[in-house]
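Colleague: I am new to this one and would like to understand how its descriptions are justified. Could you walk me through it?

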Amino acid sequence: MTQLLALLAEPTLPKLAPSDSFWLPVDASVTTRNIDWVWDFLVWISVLTALAIFVAMFHFVTKYKAKSRAANEHAEKSAEHNTALEITWSVLPLFVVIALFVWGFKGFVDLRTPPKDAMELHANAQKWKWTFDYQCARGGLTDDTLHVPVDRPVRMLISSVDVLHALYIPSFRTKMDAVPGRYTDMWFQATKPGEYPIFCAEYCGTSHSDMLSRVVVHPPGEYETWLKGACEKADSLVGPERGKKLYSQQGCETCHTIDGTPKIGPTWKGLFGKTESITGGPALKVDENYLRESMMDPTAKVVQGFAPSMPTYKGKLSDKDIDGLIEYIKTLK
Amino acid sequence: MSEDKPVADKPEAEPAEAAETAASSSPPPPSHDGSVRTTETTATKEERSHLELSAEPKPDEPKRNGGAHGAAAAHTHDAHGHDHGLAHTMPIPLLFGVLVALLVLTIATVAVTSIDLGAQGNLIVAMAIATVKAALVCTFFMHLLWDKKFNLVLFLTSVLFLILFLSMTTADRGENQHAIDEYRALQLGVK
Amino acid sequence: MAEPSTETQAAAKAAAPPPAHVHGHDDHGHGHEAHDPIHAANPHLAHHFDTPQQQFDAGKLGIWLFLLTEVLFFAGLFCAYTVYRAMHPEVFVYAHYFLDTKLGALNTCVLLISSLTAAWAVRNAQLAEKKALMLNIVITIACAFTFMCVKYVEYSHKFHDGLLPGKAFQPKEQIWELKSFRDKHPEAAEYAEKLAKLDEKKTEPAAPGAAPGGAAAGMAEPAEAEKMERPTEEELEPLLAAGLVGPRSLDPSAHISRPRMAHVFFGIYFFMTGLHGFHVLIGIGIWVWMLLKAAKGHFGPNYFGPVDFTALYWHLVDLIWIYLFPLLYLIH
Amino acid sequence: MASPSTTADAAIPQTKGADDNYLTHDKGFASWAFTLDHKRIGVMYLASILTAFALGGFFALAVRTELWTPGETIMKHDTYNQMFTLHGAIMVFLVIIPGIPAGLGNIILPLHLGAKDVAFPKLNLASYYLWIIGCVCMLTSLATNAVDTGWTFYAPYSTTTQTNVLPAAFGAFILGFSSIFTGLNFIVTIHKLRPPGMTFFRMPLFVWALYSTALIQVLATPVIGITLLMMMVERVFGLGIFDPALGGDPVLFQHFFWFYSHPAVYIMIVPAFGVVSEIIPTFSRKRLFGYQFIAISSLAIAFLGFLVWGHHMFTSGQSVLAGTIFSAITFLIAIPTAIKIFNWVSTMYKGRIHLDTPMLYALAFLWVFTIGGLTGVFLAVMGVDVHLHDTYFVVAHFHYVMMGGAITAFLGGLHYWFPKAFGRMYDEKSGRIGAIIVFVGLNLTFFPQFILGSRGMPRRYYNYLPEFQGLHQLSTIGAFTLGIGFLLTAVSLGRALKNGKKAPNNPWGAVTLEWQTSSPPPYYNFHTPPPVTAGPYDGYEDLVYDEKIGGYVSKKA
C-alpha cells in the first residue's frame, strides 16, 4: 500500500506487461473475449490473402517476363473475363466480410453494454491529466490512478472539461472518447491483478502524449482495503498537505509549476502576495479571494501573458480542498 | 440509390447522347466497322476527308450569329414548337403563371402559420409548400422540364445527398441527446 | 519541373507576344480555326468546341454541377439547423418572436419577382431581344438591391437590439416586452412580467443572465414563489414553448430567463442569411456583367448561355431563400 | 496564336511541323501564367504539387527524427504538434488530393479522350490559382504561429487553441474550391468532349477513375467548405454549434468533417486505381482483365464511399445504431476493391511483362495497396477498431493506402507519362533504382507502425513508452530511406528534363489515344483527331517496336 502511495506522489511511466502475443498487449479483461480471436482470424486470413496475391504476382512476373522490347513478343491469347472465376472471387470475400461484420458487431455491442451490476466510477479528463472519482464512506475521493477490483465489472462514466480526450486501456481492448458536454461510458472486468497503462488516444494539445495513467487491478479483497486507506488518508490531510496532494491529483501540476518557471499558467512559487497585471483589467495583489475566484471562475481575471484556458473547478473542490490549496500556495515562497 | 442509376443508365444513355451531339455537329464518321483500330499518328486519306467534310457547313447549321436564321433553321429539324436554337424557350404567359402560383403559395405559407397544426404539423406544411415552390422554380424557371434528364438526375442527387447527410447526422445526434441531458443535469442540477 | 518555363523564358525575347485576349472570352486559338466556317460564323464559340450546341450543353452541365455543389454547401447549415431545431425546439420558438415575418415575406416576393425577370431575360437573350433583355436584367438587379436593402434594415434592427450571433448575443429586450409576443399571448406576457419582477428582487446582487447557462442556476425560494398564483394554461404554455421557464415538473415560478441556447439560433440565422446574402451580392455582380455583355449585343439564338447560366444560379439563390423563409421566419 | 496575321500561326497545324509542341508554342512567363492550355496548367500543377510534396516530406522527416527517442530529440512538444499537423494538412490538401487528378489528369485526360482541351479552360486556370492561394494561406499559418490541431481540425480544440488556425482552415477552404473546379471541369469534359466513337465503355480506365473522383469532389467537397467556414466563424464569434462550452456539440463536427473526409480518401485513391489500370495492361502487352467491372466498381466505390463516414467515429460517442450501419456499408466497399486487385493481377497472366519503372511502381502499388486494403478490413470490424482506433495501426494503414497507394501510383504515372508530357526519356536505370528504394523505404517505415499500433501506441504522440523505441527507430530509418528514394527520383527526372533522350511518340507501346500524338503533344493535342473504333486496350498486336526510334509504330505504317 505504501508503495502505491509513493508511486502517486512521484508519477512514473506506466509499464507494458509482457504479452504472450506478438501483436497485442497482454490480455487482462473479459472485454477481450470478442476481440482477440477475431484479431487472430483477421491476421491469418490477411496473411493468406496477401500471400496468394503476392505469389501470383511474382509468379506471373517471372513466368511471363518479356525478353526485350525488340523481340516484339505478344501476349498469349487468354480470356478477357471469366465469369465463374469472377463470381468466385466476389462471393468468397463477401462471405468472409459478412462473418467479420457479425463478429465485429457482436464485439462492439459487448464493449458498449456494461453488465447491470457493474460498479460505477467516474473518469474526468482535462488537459493533460486523468482523474478518477471514488466514493468514500463520507464524501468522495479523487485520484489520478484508476483502482479497480479484479473480477468485477466496472463501468466508467467519462467526461471532459475542455477538449476531446479518449480513455484507452490497451490491455482491456477498450477505448472511449471523453467528450466535453456529455457523458460517454465504457466497461471492463479485469481478470489479472497488476498494473496496466492508460493512454489518452484523442489528440488534445501540448502534452497529449504525457496524459498517461495506470489502472491498478487489486487482487480479491484488496480494493476495499485500498479504498478505505486512501479515503482516510485523504480525509485526514488538511492545510498545505492537502493542497500538495491536490496539486498533483487534480492536475494543477500540468499547467502550474512550483519552481518558478511559467508553464501554461503562472507558477505558484511566490505567487501569493505578488502583484499581477491582469488581461483587460487593473493589476491586483494575489490574495485568498483572488485564488479562490481563479479556481471557481478561472477566466474572469487572467494574468497577463497567459491564455484563458483553465477549466473551472466549481463542484470539484470542496471548501476544505480550496483552503488546502491556498495554504499550499502560501508555503511556496 | 439514384447514384446507381447513372451507372446503370450510362451505357445506354451516354453513347446515345454522344452520338446525338456528333450527329448534329458533323456528318456520320466513315464506317470503320470490322476494321481494327488504327494507331498511326498521321491521318489516313479517309480520315482527312472526314475532317474536311466536318468543316463544311451543314444545311441546317446557322450561318450567322444572331437573327432569326438560326432559330428558323432549328425549327426545321425539331418537332418541339418552342425550341429556338440551342434550347427551349419559355412562353411569357407560362412565366407569369408560375410567378402568380409562387406568390399565392407564399401568402398561403404565411397565412397557415396562424393555424395551429401542432408543432410538427406546421413545420411539415411549411416544408411541403416550400417544396412545391421549389419544384415550380426548378421545373419552369430553371427549364428542367425541357432540359437534358441528366441535369435533373444531378440535381436530385444533390438533394439525395443532402437528405442522407442530414438524416444520418440528426439520427445519431438524437440517439445521444440523453448523454448530453444527463451531463447537464448532473453538472448543473445536482451540484 | 521548372525546366520548360525557364527554357521558354530564355527564348521569349525573340518570340511572339503572349496570348492576347482579343475578345475577352475563350478565344485562345481563334486563329487556327479561321478556316472553319462554324467557328467563323460564331465568334463566341470557343476553339475546343465543335458547335454552339456542344458549347451550350457543356456550359449547362457545368452550371448544374455548380448548383449541386451549392446545395451541398448549404447542406452543412441546414444540418446544423435541423439538429438544433430537433434538440432544442424552444430556442427556435423563443427566437422567432424577434424576427419580422413581414420583411421576410416581402423579401420572398422580391426574390420571386426577380426570378421571373431572370427567366424572362433568358427568353429575351434566346430571341435576341436586346432592349427587353437589358430591361429584364435591370429589373432583376433592382430586385436584388431591394432585397439587400431590406436585409440591411433587418440586420441593423437586430444589431441595435443586441441580437448578435454567438458570444455577442445580448438582447436588449425580453421577449415578453415584444409586440409580436404580446399580441399573440397577452396573458403569458403579463405573467412573464410578474415573474421577471419577482426574479429581479430575488437575484438583486447577482448579474442576471450573464452566463448563457443561467436558466437552471437559481432554485426557487419557496417563500417568494408562494406569492405567485398557479398559472393558467394560457399563461404558461407560450412561456414553456419558448423555454423561458423550466418544464412543469419544476416549479414554474422558479425563474424566468431566455433559453440557454438562444445565441445558437442567432448564430445560425446570421450565418444562413449572411451566406445567402453574399450569394445575392455575387449574383448582382454577375448580372451587371451580363448587362454589359447584353449592351454590346453579344446574345442571340446561338449564344445565350451566359444569361441562361446566370439565371440558373439566380434561381438557386431564390430556391434557397424559399426554404430559409419558412425555416427562419415562420416558426410556429 | 497571338494574331491571325502571324504566318506561323495561320499555318498551324499543317506546316509548323513536328517541332511545334505545347511547350514551345508560346514563350515567356505570361504565356505560362495566363495559359489556358490544359497541358501547361497540368505542368504548373505538377511543379507546384511536387514542391509541396517536398515540404510535406520535410515535415515528415522532422516528425520521424523527433520520434527517434522518447521525449525531446530535436524539438519541443508544441513544435512537434505543429509539424505533424502541417505534414498532414500539406500532404492531404496540397499534394494527394490534387496530385493525380489536377496534376497528371489535367495533362492526360483530354489527350485520353482525343479532345482539344478541358471543357472550361479558364476555370481550370482559376483552379490552379486557387491552389496557389490556398497554399499561401497554409504557409501563412506556418510562418506565423503554425496550426497544431492535426489536419482534422477537430472542435473544440480547433476553436480554442491559441495557434493560428484561421489561415490554415481558410487555406483548406480555398483548396476545396480548387478541387471542386477541377472535378466539375472533368465531368463536363468527359460528358461533352468525347469524340465520335468514344462511348463510355471505350474510355480508358484512367478516365473512368477521374470521372468517379470528380463526382466525389463535386458532391463532398462543398461540405468541408461549409464545415471549415462554420469552424472559423465559431472560433471568431463563438457561434455555439461545435463548442460545448457555448452549447455546441463536438461530435457534430466529426459528422460534418467525415462526411467529406471519408469520400476524400477515395478522391485520393481512386485516381491511383486509374493510373495502375493504365500501366498494367501496357506493360503486360495485354488487354485489361474485366474492364467493365473495374470501370463500374470505381463508380460504386465512389457512391458507397459517401455512406461510411461514421466508421471514423466508433469510439467518438456515436450511437451503436449509426455505427452498425456505417460498419456494414464499409465492408461492402471491400468487395469491389478486392476484385480490382484480382483483376490487375489476372491481367498479367499470360501477358508479356516489361519491368520498366512505371510497371515497378504498379507492382509496388499492388503490394502496398493489398496490405493497406487488408488492414482496412481490420479497422472496419467494429470491436477490433475500438482497440485500434487512433493508434499507430491507423497511421500505418492510411499511409499504406495514401502514401503507398496514391503516391506510388502518382510516381508510376509520372514516369509513365513523362515522355509524353515533356518529350524526353528519363534514365531507366536510375528510375528503377528509385522505385525499388521507395518500395523498400515504404515498407520499412510503415510496417513497424502496424505492430506499434496493435500493441497500443496511440497516434500523435510526442513522447512514448520506452518499450516502443525499437520499432520507432526502425520506422525512422525507413523514413530516411524513403527520402533518399524520392531524392534520387527527383534528380533522375530533373536531369531527364534537361538532358533526357528525345522521347518517341509511343515508347511503351500503349494503345490509348494520347500515344497517337507526338511527344510532347502539339498545342491542340492532335494534328488529326484520332478515330475511335475499338475498346481502349485493343490493338497491342498491331504495334511493333522500332529500335531506331526507341518506340512503337503501327504495323501498317
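Modeller: Gladly. In this predicted model, buried residues make up 28% of the 191 residues in chain B.

Colleague: What makes a residue of chain B count as buried?

Modeller: A residue needs 20 or more other C-beta atoms within 10 Å of its own to be called buried, and with 12 or fewer the word is exposed. In chain B, 28% of the residues reach the buried mark.

Colleague: Which elements does chain B have, and in what order do they run?

Modeller: Chain B has 6 helices and 2 strands. Starting at the N terminus, the order is α-α-α-β-β-α-α-α. Of the contacts in chain B with a separation of 6 or more, 41% join residues 24 or more positions apart.

Colleague: How do you know that the span of helix α4 of chain B agrees with its number of residues?

Modeller: Helix α4(B) covers residues 92-111, which is 20 residues, and at 1.5 Å a residue it should span 28 Å. The C-alpha atoms at its ends are 29 Å apart, so the two values agree.

Colleague: Which residues of α4(B) are buried, and why do you say that they line one face?

Modeller: The buried ones are Val98(B), Leu99(B), Leu102(B), Thr106(B), Thr109(B) and Val110(B). Viewed down the axis of α4(B), the buried residues fall within an arc of 110°, so they line one face of the helix. The face turned away from that buried side carries the exposed residues Pro93(B), Phe96(B), Val100(B), Val104(B), Ile107(B) and Ala111(B).

Colleague: Let us turn to chain D. What is its secondary structure, and why is chain D called as compact as a globular protein of its length?

Modeller: Chain D comes to 16 helices and 4 strands. Its radius of gyration is 23 Å, and the globule rule gives 24 Å for 557 residues; the values are close, so chain D is as compact as a globular protein of that length. Along its principal axes, the C-alpha trace of chain D spans about 70 × 50 × 45 Å. Buried residues make up 74% of chain D.

Colleague: How many residues take part where chain A touches chain D?

Modeller: Chain A brings 76 residues to the contact and chain D brings 79 residues. On the side of chain A, α3(A) gives the most, with 16 residues. By class, that side of chain A has 45 nonpolar, 18 polar and 13 charged residues.

Terms used: Residues numbered from 1 in each chain as written. Chains lettered and ligands numbered in written order. Predicted model: local features only at pLDDT ≥ 70, side-chain atom pairs only at ≥ 80, totals over all residues. Expected span 1.5 Å × (residues − 1). Arc of directions from axis to C-beta. Contact = placed C-beta atoms within 7 Å. Nonpolar A, V, L, I, M, F, W, Y, C, P; charged D, E, K, R; others polar. Rg over C-alpha atoms; globule rule 2.2 N^0.38 Å.
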